[in-house]
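This report introduces a protein model together with its ligand. Please look through the sequence and the structure before reading on.

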Amino acid sequence: MNELDRQLAELMGNSPVQWLDNPFPEAVPIRLFLKRDDLLHPQVSGNKWRKLKYNLLAAQDQGFTRLLTFGGAYSNHLFATAAAGKLFGFQTIGVMRGEELALLPRNRTLAFCESCGMHLHFVSRNDYRQKDTPDFIAALRTKFGPCYVIPEGGSNELAIQGTAEILPEIIKQLDYEPDYVCCPVGTGGTVSGLALSATNETQVLGFMALKIIEAAKSERWLPITTYHFGGYAKTTPDLINFIRAFEQKTGVLLEQVYTGKMLYGIYDLARNGYFPEDATVVAVHTGGLQGRSEVLDT
Ligand SMILES: *Cc1c(COP(=O)(O)O)cnc(C)c1O
């Protein structure tokens, strides 16, 4: 086993399933568990780790020493890729939309990426829109040399292979199949992995972190579209207060973009009788705490 395999084996599969006794402002008749993927690694946290795992192995197998990916200024995926690159000895390039000058001084996320050695490459909005086209990617390869390309948000087929390992771990840890498994949805790579690995015993619920016109239809998972709180990364005082109260009661930190909205949604559905009495509901804590708002500490 080489170093990457060894380190991955050590790090993965070590996130506990935690029972939460009465975590909400009001008691609800479900048994709620958290799959603590936020604990997988302090920097390469949560679902981004799951999504990178087989991509890192593929990059290594194919002889690449450089990873290139895409993301926004607060991207958990860029943050995780930068950290993983440093950890496993890949050079990393982060392609971003926007004028470089507009982003100085660097925010916390980008400062961290650069501290890991990631090279940030800024392109125009127009160019960024081409990010999945072969021509644009070929031009980046000409500029930076051979690189293993990971799409924005980290979601590709190998990512889904990684997120498909979450539910089997949960079932092993609980020793039974939960009635529901829930995760937040951005690009959908995480929920797709849950859906891929779920049997008929488990309903997969995906809590949309963004406003969508029409939910992607899937027979294998159900989109919950009503808890986006105004759109991607938008918040309301109600959401912020909910997260503060949850954190105080459970000692588990959330953030306001993904996990806070999912848990608010689970709470709201449960108090409105959505789940059958005593249903077992497992929520995947997908991490992302690097992007946790300081407002939550005040
Ligand atoms: C990126 C991210 C998500 C969204 O995952 P997708 O696979 O893109 O749907 C959810 N939660 C956290 C904390 C994330 O960082």
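Which atom of the ligand does a polar side-chain atom of Thr190 lie 2.7 Å from? The partner is an oxygen atom of the ligand. The model discussed here is a predicted one.

## Polar contacts of the ligand

Besides Thr190, two further residues can be described here. In the side chain of Asn76, an N or O atom is 2.7 Å from an oxygen atom of the ligand. Gly189 takes part through its backbone, where a polar atom is 3.2 Å from a ligand oxygen atom. Taken alone, the ligand exposes 390 Å², and the protein buries 97% of that.

## The surrounding shell

The ligand is surrounded by 16 residues, of which Lys48, Lys51, Asn76, Thr187 and Thr286 are the closest. By character, the shell comprises eleven polar, three nonpolar and two charged residues.

Three elements, α2 (46–61), β7 (180–185) and α9 (189–197), each supply at least two residues of this shell. The greatest contribution is that of α2, with three residues.

## Position in the protein

The ligand sits in the largest pocket. Residues of the shell come from both domain 1 (3–42 + 157–297) and domain 2 (46–154), and the ligand therefore lies between these two domains.

Notes. Residues numbered from 1 in each chain as written. Predicted model: local features only at pLDDT ≥ 70, side-chain atom pairs only at ≥ 80, totals over all residues. Heavy atoms only, no water. Near = heavy atom within 4 Å. Polar contact = N/O pair within 3.5 Å; in protein donor to acceptor, adjacent residues only side chain to side chain. Areas by Shrake-Rupley, 256 points an atom, 1.4 Å probe, with all protein chains shown as cover. 1 Å grid on protein atoms, 1.4 Å probe; cavity = no way out; pocket = protein on both sides within 12 Å on 5 of 7 lines; lining within 4 Å. Sits in = over half its atoms within 2 Å of the grid points. Helix = DSSP H or I, 4+ residues; strand = E, 2+ residues; numbered from the N terminus. Nonpolar A, V, L, I, M, F, W, Y, C, P; charged D, E, K, R; others polar. Domains from an automatic or database assignment.
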